[in-house]
Amino acid sequence: MTSPHGPERDHLPDQLRDHPAAGAADDVADQDFGDEGRDHLPDQWFEQRERCPDGGDVRPGRRDVLLREALRAELPAARRLRRELHADPRVSGEEGPTLQRVLEALPDGPVEHVADTGALVRIGGPGPAVGVRGELDALPLTERTGVPWAAANDAMHACGHDVHLAAVVALARAVARVTAILDTRDSPPEAGYETVTAHERPVPLMVVLQPREESYPSGAVDVVRSGALTRHDVRAMIGAHVQPVLDGGVIACTPGAVNASADEFRVTVKGVGGHAAYPHLTRDPVVAMAQVIVAAQQLTSRIADPMVPTVVTFGNVRAGTAPNAIPGESVARGTLRTLSPSWREKLHAHFTGLVGDVARAHGCEADVEIHRGEPVLVNDAALAVRTGELLRANGRAVSDELRSCGGDDFAQYGELMPSLMMFVGVDTRAGLHSPEFLPGDETVDEVAESLLAGYLAAAPGV
């Protein structure tokens, strides 16, 4: 029989579907979990146990079962929320309306505003918590997907942040729902089952709604510097990002370094300008810069360890204004990246020395500025392995090999606590940051399931 609340709730056990908290799936902004219905869960869920191999303490399985069922009930509403957020994106620094809409969709909980247009929301009461991040900002792009719910304000969620936010909301509502059910459960001795222990309740969840992932200064840096994560005793941070280089439905949980440090440089070569017909009377900074660009590629092919991914890219070069004049200086900007924290410092030193030497060889002087960006994003090995196991146990295809020289300010959280960034494969014609990038709605489900697995994997350490 089809539920009057929609087909998305038909798969739930009767006891969970009938609990007042189950109504949260019907209205994404509804926060009423109710006080009645505390006896609607079957006794066997409160007695389900899995003995440890050594015959010692027990590992409760009922919490995980409830959380997975509750998450499934939230996914249809999360898909609708994703489209709503996609249609009204806001760029970095202007995320206020997006933040407000997500706060409305989340369950009630203490809210602390951070990083100007960001916020932390605690779900599940006091005590040590597991954090989960959702990025609020969009890119300054004009969307070309052609869907009815495309953005029309010259901004676009072209990096999947709409998907990530909707998945975070689904997870938060599932945790709140199960916490409400267990908190209202009576367990009198005569009923034949034990009182649900604190260990068996969902660990508190800290929702981190982060601004400015796509720009500097980084929103993650400001969240960390605020001290809010430490004050709230957040013990681990979980994130997931859509990734079109992976096949659709594949989830990467790779231990160790998965994203590179991402630093920007500015090189200024100063020479002596003059008439283009008399180059011998000048010290040409354009030729010197050209040699700098070529020589810098030797850092990756001859200086860096071939087993250590390294990127030296010049993305912008400018000099002069007239075709018949040699300018007095040339300026180039680019990026230095590596997956090795120790090589990062040496790379900076080698780059600075090489630029100066090449410029002087051409009778010029060089000034090098390196602006440190995101550190290497390092996944906690135990957390990655455990999360992969949970995903495989639930039928998901898991990879532990994906690494890239892309950067993400999620790495800032890993400097503070164990963290895990997963990548969720999507089948799209366009890549990230393209005006045609549009993951399917099913990606919301896959990201949400990934976040739940990471949350469950982190819970024993909290």
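Trainee: How many disulfides does the structure hold?

Mentor: A disulfide is a covalent bond between the sulfur atoms of two cysteines. This model, which is predicted, holds 0 disulfides.

Trainee: Is Cys253 buried or exposed?

Mentor: Cys253 counts as buried because its relative accessibility is 3%, and buried means under 20%. Cys405, at 22% relative accessibility, counts as partly exposed.

Trainee: How should the sheet be read, and in what order do its strands lie?

Mentor: Strands of a sheet pair through backbone hydrogen bonds, either parallel or antiparallel. Here the pairing is mixed, and 8 strands make up an open sheet, ordered β3-β4-β6-β5-β7-β18-β8-β17. Pairing on one side only marks β3 (111–114) and β17 (397–399) as the edge strands. From one strand to the next, the twist averages 25 degrees.

Trainee: In which sense do β3 and β4 pair?

Mentor: Strand β4 (residues 118–123) and β3 pair in the antiparallel sense, with 4 bridges. Within this pairing, the residue standing opposite Val111 is Val121 in β4.

Trainee: Which strands does helix α4 touch?

Mentor: Helix α4 (residues 161–183) packs on the sheet and touches β4, β5 (129–135), β6 (205–210) and β7 (234–243). The direction of α4 makes about 150 degrees with that of β5.

Trainee: Across which strands does helix α12 lie?

Mentor: Helix α12, formed by residues 442–458, lies across β5, β6, β7, β8 (250–252) and β18 (419–425). Relative to β7, α12 runs at about 155 degrees. Both α4 and α12 therefore have to be read against β5, β6 and β7, with angles taken between N-to-C directions.

Note on methods
Residues numbered from 1 in each chain as written. Predicted model: local features only at pLDDT ≥ 70, side-chain atom pairs only at ≥ 80, totals over all residues. Heavy atoms only, no water. Pairing = 2+ DSSP bridges. Helix = DSSP H or I, 4+ residues; strand = E, 2+ residues; numbered from the N terminus. Axes fitted to C-alpha atoms, helices over the stretch in contact; angles between N-to-C directions. Contact = heavy atoms within 4.5 Å. Disulfide = S-S within 2.5 Å. Buried < 20%, exposed > 50% of the residue type's maximum accessible area, 1.4 Å probe, protein only.
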